[in-house]
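Here are a few exercises to work through with the structure open beside you. Try each task before reading its solution.

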Amino acid sequence: MSSSSSSSSSSSSPLSSLQQPSSSITPSNVVDIPGPSNTNNDDEFEAPSSSRQRAMNEVWLEPVVEALATQVAIDASHYHGRLSAASALAIIFQVCSTWREVSRSDLLWQRLTRRIWRRTYRLRDTWQLEYIYWHRTARNFTTGRHALVVPQYDPGDHHQALICRCLTLSDTHLACGFVDGTVRLFNLNTGAHITTFWSNHGHLFGPFSQSISGIVITNSSLVFARLDGDIYMSLINGPRPIPGPIPARRAIIGDVVNNGVLVEFAGCNRFWIGLFAGHAGGAFQIWDAQTEQRIFVGGSLTDPESVQGWHMLTELVEPVGRVRVTEREFVVACTTSRLVCFNLRNPEILLRDMGSTTGFMVSSLDISHEVFVVVERNGVGTVRRVGNFERVSRFRLRGSWLRGLLVCMNLGYVITYSSGSGLLRVWDIHEPTARLCITIAVRDDGGEQGHVHGNSMVANQTHVAISSNDSSIHLLDFSVQ
């Protein structure tokens, strides 16, 4: 693993490792504390005694100051981005010694970590260290500081002639789906190949009918689907009775003749959803993930792309559609001409249905928490809130950047990759007009001009993974080393 740079050392001050406040900031010009003035105007007032100052500070009980600090940090995060919460807290903690004591409250840092960084469990010694870790990791996305990891296959794994068609990340694993119906699982931190899951069922309806069309990782299980409609599942940490590839259990038997091609697959803890193309009126199928029973069939999103869907069985073509699921069970799906949104618990009602005069780029749709991004063929990328489609941010890509475009996002950033140039760009989407933070060249040992010809990309809060046509996978680690 080769690192582009190392992380800075931490300081003894609670927030010094996040952001050093300006030396000109003093308690007197930061917050107007109620109380008598400490200036003497014509002897009308006298300066407060030290006992009066202590009494005034004691009025601000720790729970009150904690609540104030929490709200100030959340407001700063909402209006100016998550990284700005640290400087807002630094100002609060400089008001006086009593307020500074609040910075040692682990409960405060737990609340802030949950509200700002959406982390509900602690991996480091304290919640303060947990907050600092995620702050620094997010900052690495703006500076480009990362380590490059190339996942290593087992020596006996014959993968050279295979192509990875889809990627999925969890907090600990990278899952890669290949055209032969196998899913390889890698350790996210080391890049080591953990195991291979394989599917060996069904008839061949074309050379790529067993190609993986989507992977879902939930808790300790891995679920994946193929173009022919078969859905498989296996335990990630389950028993290993024999060495080598592990046969996954077929949970759903596909029916490609009557249902069409399962072009995209996604899901959450409660539901699985498949996007089909090939038959009118059956664009979406939804299953209960607990009972594995199908609970919905319908939708016309892919009706115009029926013929293109059938071609995916015999040719390596771009997917005709894409589907993503949020934590709150909202679905966002698109083709080149339409984009729709609905709730998995009420799929009959479309919350939004919009088109594009220039067309959507299917490979650009991605989702993070409750916002999604999509890029149109004119180069305009838009980030919107799921449900009401309120616009959060917008950016524009040059025409040359659209060649082989891949897009993904995480909490606060959109990542674009142009296969034509091998350049990865990180966009800060906290403002209405997104800011281009950094451009990173992703290089390979071989290939034209040495850059990676990507065909799939995925991101989470710490990593970005890109797969290429030669079966290689590049993993960019932005976490604090």
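Let's start with the overall picture: this predicted model has a protein chain with nine helices and 30 strands. Of its 481 residues, 56% count as buried.

**Exercise 1. The surface and the contacts**

Find how much area the protein chain exposes, and what share of it carbon and sulfur atoms supply.

Solution. The exposed area is about 21,700 Å². Carbon and sulfur atoms supply 50% of that area. For the contacts, take those between residues at least 6 apart in sequence: 50% of them join residues at least 24 apart.

**Exercise 2. An open sheet**

Work out the strand order of the sheet that contains β16, β17, β18 and β19, and say which strands stand at its edges.

Solution. Step one is the order: the four strands run β16-β17-β18-β19 in an open sheet, with antiparallel pairing. Step two is the edges: β16 (322-325) and β19 (352-355) each have a single partner strand, so one side of each is left without a neighbour in the sheet. From one strand to the next, the twist averages 10 degrees. Step three looks at one pair: β16 and β17 (residues 330-334) are antiparallel and joined by four bridges. Within this pair, Arg324 stands opposite Val332 in β17.

**Exercise 3. Salt bridges and burial**

Decide for Arg111 and Glu66, which form a salt bridge, whether each is buried, partly exposed or exposed.

Solution. Begin with the distance: the closest N and O atoms of Arg111 and Glu66 are 3.6 Å apart, and the pair forms a salt bridge. Arg111 lies in helix α6 (residues 106-117) and Glu66 in helix α3 (residues 62-80), 45 residues apart. Now apply the cut-off, under 20% for buried. Glu66 has 9% relative accessibility, so Glu66 counts as buried. Arg111, at 37%, is partly exposed.

For a second case, Asp171 and Arg119 meet in a salt bridge at 3.1 Å, N to O. This pair also links distant parts of the chain, 52 residues apart. Arg119 is buried at 10%, whereas Asp171 is partly exposed at 41%.

In total, the count comes to 15 salt bridges. Some join into a network, which links Arg226, Asp228, Asp230 and Arg250.

**Exercise 4. A serine in a strand**

Which backbone nitrogen does the side chain of Ser368 reach?

Solution. First place the residue: Ser368 lies in strand β20 (residues 366-368). Its relative accessible area is 8%, so Ser368 is buried. Next, list the contacts beyond four places in sequence: Met409, Asn410 and Leu411. Finally, the side chain of Ser368 reaches the backbone nitrogen of Leu411 at 3.4 Å.

Key: Residues are numbered from 1 along each chain as its sequence is written. This is a predicted model: local features need pLDDT of at least 70, side-chain atom pairs count only at pLDDT 80 or more; totals for chains, interfaces and linings use all residues. Side-chain values use heavy atoms; hydrogens and water are left out. Helices (H or I, at least four residues) and strands (E, at least two) are DSSP runs, numbered from the N terminus. Buried means under 20% relative accessible area, exposed over 50%, partly exposed in between (1.4 Å probe, protein chains only). A polar contact is a pair of N or O atoms within 3.5 Å; within protein, one must be able to donate a hydrogen and the other to accept it, and residues adjacent in sequence count only if both atoms are side-chain atoms. Contact means heavy atoms within 4.5 Å. Two strands pair if DSSP finds at least two bridges between them. Axes are lines fitted to C-alpha atoms, for helices over the stretch in contact, and angles run from 0 to 180 degrees between N-to-C directions. Accessible areas come from the Shrake-Rupley method with a 1.4 Å probe; for residues, only the protein chains shown count as cover. A salt bridge is a side-chain nitrogen of Lys or Arg within 4 Å of a carboxyl oxygen of Asp or Glu.
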